[in-house]
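Hi,

Here is the structure I promised to pass on. Have a look at it first, and then read my notes below.

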Amino acid sequence: MSLAVVIPTLNEAENVAGVVRAVLQVLPGATVFVVDDESSDGTATLARDAGARVIARRGPRGLGHAYREGFARVLAEGFGAVYQMDADGSHDPPVLPTLVGGDLVIGSRWVKGGGTRGWSLGRQVLSRFGSAYARAWLDLPLRDLTGGFKRWDADLLRRVLPNCTQSGGYAFQVETTLRAHEAGARIVEVPITFAERARGRSKMSPAIALEAARVVPGLRR
Ligand SMILES: Nc1nc2c(ncn2[C@@H]2O[C@H](COP(=O)(O)OP(=O)(O)OP(=O)(O)O)[C@@H](O)[C@H]2O)c(=O)[nH]1
Ligand SMILES: [Mg+2]
């Protein structure tokens with residue numbers, strides 16, 4: 001089956017080439033799409049040189065927008081399965097082949113065997129709270145709703161995306177999983193260890209977290 005890996009980037013020059021190479025080593029036949037939001041640090045060129053296809057975005061910045069555009073391209077090109085992951089080293093490429101067993105497979109920090117490395121207690125509590133908040137509002141039987149390490153069956157993603165209209169930012173991660181659940185998909189969580197980003201700056205901010213907190217309750221249908 002043809003595999004695509006979608007990696008959104010915003011100024012990840014220190015990380016992107018390493019991730020792209022590692023992914024291509026683990027999944028030699030896969031096509032890696034880096035969806036870049038006009039990074040000013042040369043991320044796009046570094047990604048291309050490492051073997052990725054780069055989708056250079058314009059227009060409103062944001063994780064949700066970037067994923068929508070990347071996924072649309074992948075589906076238009078007829079890939080059979082789609083992985084999504086971060087560029088900053090938090091998602092370990094050798095884990096990709098373990099994401100199996102469902103139409104949507106979620107790399108999960110908050111199931112037995114999963115966890116984080118290098119995270120303060122406060123950060124862990126915030127992340128757990130974020131997932132518990134979404135789980136409660138949306139009545140979802142899943143533990144990690146805010147992460148971005150997933151494998152999608154392309155047919156499921158194709159059915160789910162038209163129903164995801166609202167979130168530009170991090171709520172996109174929650175919304176896609178919610179719509180998959182509503183569509184009756186087989187969803188499994190596979191334990192992962194999420195490592196603190198080694199280099200570069202986080203794009204997470206209180207404003208972005210608050211935006212997600214505001215949007216999530218309205219995702220319910
Ligand atoms: N294209 C695009 N990518 C983004 C945007 N915001 C974040 N990203 C990328 O999305 C991934 C996750 O963002 P991070 O900043 O690592 O967010 P996080 O993992 O929640 O936060 P940290 O744990 O602090 O790293 C990274 O690959 C970022 O480069 C954006 O607006 N546009
Ligand atoms: Mg990160």
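Let's start with the ligand. Keep in mind that this is a predicted model. Ligand 1 has 19 residues around it, and the nearest of them are Pro8, Ala66, Ala87, Ser202 and Lys203. By type, the shell around ligand 1 holds eight charged, seven nonpolar and four polar residues. If you want to know where some of them sit, try β1 (3-9), β2 (31-36) and α3 (63-76): each of these gives at least two residues to the shell.

Next, the strands. β7 (residues 150-153) runs antiparallel to β4 (residues 81-84), and four bridges join the two. One spot to click on is Ala81, whose bridge partner in β7 is Asp153. β7 also pairs with β5 (residues 104-108), again in the antiparallel sense, over three bridges. There you'll find Val105 opposite Arg151 of β7.

Then there's helix α4, which covers residues 121-138. With 18 residues at 1.5 Å each, α4 should span 26 Å, and its end C-alpha atoms are indeed 26 Å apart, so the two agree. Which residues of α4 are buried? They are Gly130, Ser131, Ala134 and Leu138. These cover an arc of only 85 degrees around the axis, so they lie on the same side of α4. The buried residues of α4 pack against α6 (171-182). On the face turned away from that buried side are the exposed residues Leu121, Gly122, Val125, Phe129 and Ala136. Just past the end of α4, Asp139 has a positive phi of about 60 degrees.

Cheers

Note on methods. Residues numbered from 1 in each chain as written. Chains lettered and ligands numbered in written order. Predicted model: local features only at pLDDT ≥ 70, side-chain atom pairs only at ≥ 80, totals over all residues. Pairing = 2+ DSSP bridges. Near = placed C-beta within 6 Å. Nonpolar A, V, L, I, M, F, W, Y, C, P; charged D, E, K, R; others polar. Expected span 1.5 Å × (residues − 1). Buried ≥ 20, exposed ≤ 12 C-beta atoms within 10 Å, placed from the backbone. Arc of directions from axis to C-beta. Contact = placed C-beta atoms within 7 Å.
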